[in-house]
Amino acid sequence: MGSLEFHEEKIKEILEAYKSSDSLFIKGICLFYFAVHSIDWVLSKRGVSPSTHRGRKKLITEHLDEYSYSKFDQLLTASVRIRYTEIASQKLIEEMKENLKELINHLQKNHNLESSLANLIIGNLDCLKNSQEKD
């Protein structure tokens, strides 16, 4: 489901939504989808494509490693929490950002995630903090 170029474009699209929104809810959803498309990029490079989150978790287990699975699962769980059971908080967003940074760095070092994509994501994670400091 999607080529390398598709996932690169989706990451850029998510980045625009992330940077342009002040909503913690939107920020949290974007953080999760950064993880989705980063993992899908790595899987696509290996010739496999998930079609569901459950399928993605299975493919992470089969093609990546436990660390990648654990970080993705933490981000998925946080995303579900803010979508269905609680209001997004700055604390939860910060936890998601840390998990995402750890996942992206791991994918770059261990699974050949392109450094330009990793840098694009990680380099823009603090735009929420920076915009709040201006207020």
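In the predicted model, His53 has a relative accessibility of 25% and is therefore classed as partly exposed. This histidine belongs to helix 3, which comprises residues 53–63. Beyond its sequence neighbours up to four places away, His53 is in contact with Phe32, Tyr33, Val36, Phe72 and Leu76. A second histidine, His111, lies 58 residues from His53 along the chain, and the C-alpha atoms of the two are separated by 19 Å.

Three of the residues touched by His53, namely Phe32, Tyr33 and Phe72, also make up one aromatic cluster. Over the whole structure, three aromatic pairs were found. In the pair formed by Phe32 and Tyr33, the ring centres are 4.9 Å apart and the planes meet at 75 degrees; because this angle is over 60 degrees, the arrangement is edge-to-face. Phe32 also pairs with Phe72, with 5.7 Å from centre to centre and 35 degrees between the planes, and this pair is tilted. The latter pair connects distant parts of the chain, since Phe32 is located in helix 2 (residues 24–45) and Phe72 in helix 4 (residues 66–85), 40 residues apart. With regard to solvent accessibility, Phe32 and Phe72 are both buried, the relative accessible area of Phe32 being 0%. Tyr33, by contrast, has a relative accessible area of 27% and is partly exposed.

Another aromatic residue, Tyr18, is involved in an interaction with a charge: the charged end of Lys27 is positioned over the Tyr18 ring, 4.1 Å from the ring centre. Tyr18 is also one of the residues touched by Lys97.

Lys97 itself is part of helix 5, which runs over residues 90–111. The relative accessible area of this lysine is 1%, which falls under the 20% limit, so Lys97 is buried. A polar atom of the Lys97 side chain is placed 3.0 Å from the backbone oxygen of Leu125. When residues up to four places away in sequence are excluded, the contacts of Lys97 are Tyr18, Leu31, Leu125 and Asp126. Leu125 thus appears both in the contact list of Lys97 and as the residue whose backbone oxygen lies 3.0 Å from the lysine side chain.

The geometry of helix 5 was examined further. For its 22 residues, a rise of 1.5 Å a residue gives an expected span of 32 Å; the end C-alpha atoms are 30 Å apart, and the two values therefore agree. Lys97 is accompanied among the buried residues of this helix by Leu92, Ile93, Met96, Asn99, Leu100, Lys101, Leu103, Ile104, His106, Leu107 and His111. The buried set thus includes the lysines Lys97 and Lys101, and the histidines His106 and His111.

Gln90 also belongs to helix 5. This glutamine has a relative accessible area of 25%, a value between the limits of 20% and 50%, and it is therefore partly exposed. The side chains of Gln90 and Glu94 are joined by a polar contact of 2.7 Å. Although 65 residues separate Gln90 from Phe25 in sequence, the C-alpha atoms of these residues are 9.9 Å apart in space. After helix 5 comes Asn112, which has a positive phi near 60 degrees.

Note on methods:
Residues are numbered from 1 along each chain as its sequence is written. This is a predicted model: local features need pLDDT of at least 70, side-chain atom pairs count only at pLDDT 80 or more; totals for chains, interfaces and linings use all residues. Side-chain values use heavy atoms; hydrogens and water are left out. Helices (H or I, at least four residues) and strands (E, at least two) are DSSP runs, numbered from the N terminus. Buried means under 20% relative accessible area, exposed over 50%, partly exposed in between (1.4 Å probe, protein chains only). A polar contact is a pair of N or O atoms within 3.5 Å; within protein, one must be able to donate a hydrogen and the other to accept it, and residues adjacent in sequence count only if both atoms are side-chain atoms. Contact means heavy atoms within 4.5 Å. The expected span of a helix is 1.5 Å times one less than its number of residues. Rings of Phe, Tyr and Trp (its six-membered ring) pair if their centres lie within 6.5 Å; planes under 30 degrees apart count as stacked, over 60 as edge-to-face and the rest as tilted. A charge sits over a ring if NZ of Lys or CZ of Arg is within 6 Å of the ring centre and within 35 degrees of the ring normal.
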